[in-house]
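Subject: Structure handover, ligand site

Hello,

I am passing a structure over to you today. Please open it first, then read my notes on the ligand site below.

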Amino acid sequence: MAIQTVGIFGAGKVGIVLAQLALKAGYEVLIAGSGPVEKIALTVEVLAPGTKAVTAAEAGAKADLVILALPLSKYETIDRSGLDGKLVLDAMNYWWEVDGIRTDLTNPLQSSSELVQRFLPNSHVVKAFNHMGYHDLFDESVPQGTLKRKALALAGDDDDDITIVRSFINDLGFDSLFIGPLANGIMLEPGSEVFGANVTLPELQAMIARFVQSPRGQEIQLARENAAL
Ligand SMILES: NC(=O)c1ccc[n+]([C@@H]2O[C@H](COP(=O)([O-])OP(=O)(O)OC[C@H]3O[C@@H](n4cnc5c(N)ncnc54)[C@H](OP(=O)(O)O)[C@@H]3O)[C@@H](O)[C@H]2O)c1
């Protein structure tokens, strides 16, 4: 599937930067906020000229790929009307200062993207763009082949989805590292070494290897093996 139109849910810091990068890469970009279009229209016009502010329903319906860039605690407010069968990139993280204390979002053995996938059962959720700060995303985007290009990790359950998303990440200016199924997204979340990482592919690979070998990584692996018994 060729991605032409990108929908972004969330017209905040990450949403706007990803909109700018996707536009620069040649995609049509539709951005939606939590409310009416008028609420974000000026922000979008000033910060990401060339992209279009729309409702979440319109962005979901018209986009080939949708990026979730809203507070994780609000994931159940996502307009899922147009998301059946869609590729959905989950860039969200639990951040208690924003999200409040939410024990339902902080199971130490589960990726928050698994919750999102459960909320969007007919969408293809891939975790991507969550671990790098928005200013680094903005600053570090460079063409393929640039020396010391930075890398973004992604996790997802479907090989075809992963191929598409890796190509998209490359277009937006980054190398990519596939780390396995969506459940492995836990390795990219707050509390992990990768969270906040702005590093090259070999450095990112080393961080993931350290996570797998760490006591926490071993605990997660053991819990999965026990659950499978
Ligand atoms: N900041 C970073 O450097 C960074 C990096 C990677 C990932 N992330 C993650 O990306 C997400 C967004 O972070 P941010 O820093 O960009 O937050 P932000 O600046 O606060 O922006 C969040 C945006 O989401 C909108 N929103 C809320 N509910 C929505 C809904 N149901 N549909 C569509 N839009 C909705 C908000 O609109 P209203 O104001 O109208 O509610 C706001 O425009 C978070 O989960 C964060 O953990 C952040």
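First, where the ligand is: it sits in the largest pocket. Keep in mind that this is a predicted model.

The shell comes next. The ligand is surrounded by 25 residues. Ser 34, Lys 39, Leu 70, Thr 77 and Tyr 134 are the closest. By class, 14 residues of the shell are nonpolar, eight are polar and three are charged.

Now the backbone contacts. Three came up, each through a backbone N or O atom:

- Gly 10: 3.4 Å from a nitrogen atom of the ligand.
- Ala 11: 3.3 Å from an oxygen atom of the ligand.
- Asn 93: 3.2 Å from an oxygen atom of the ligand.

On burial, the ligand taken alone exposes 900 Å². The protein buries 79% of that.

Last, the annotation. UniProt, in an unreviewed entry, lists residues 5–94 as "domain: Pyrroline-5-carboxylate reductase catalytic N-terminal". Over residues 5–94, the chain is 32% helix and 22% strand. The end C-alpha atoms of that stretch are 27 Å apart.

Over to you.

Best regards

Terms used:
Residues numbered from 1 in each chain as written. Predicted model: local features only at pLDDT ≥ 70, side-chain atom pairs only at ≥ 80, totals over all residues. Heavy atoms only, no water. Near = heavy atom within 4 Å. Polar contact = N/O pair within 3.5 Å; in protein donor to acceptor, adjacent residues only side chain to side chain. Areas by Shrake-Rupley, 256 points an atom, 1.4 Å probe, with all protein chains shown as cover. 1 Å grid on protein atoms, 1.4 Å probe; cavity = no way out; pocket = protein on both sides within 12 Å on 5 of 7 lines; lining within 4 Å. Sits in = over half its atoms within 2 Å of the grid points. Nonpolar A, V, L, I, M, F, W, Y, C, P; charged D, E, K, R; others polar. UniProt positions renumbered as here; feature names shortened; annotations may be inferred. Helix = DSSP H or I, 4+ residues; strand = E, 2+ residues; numbered from the N terminus.
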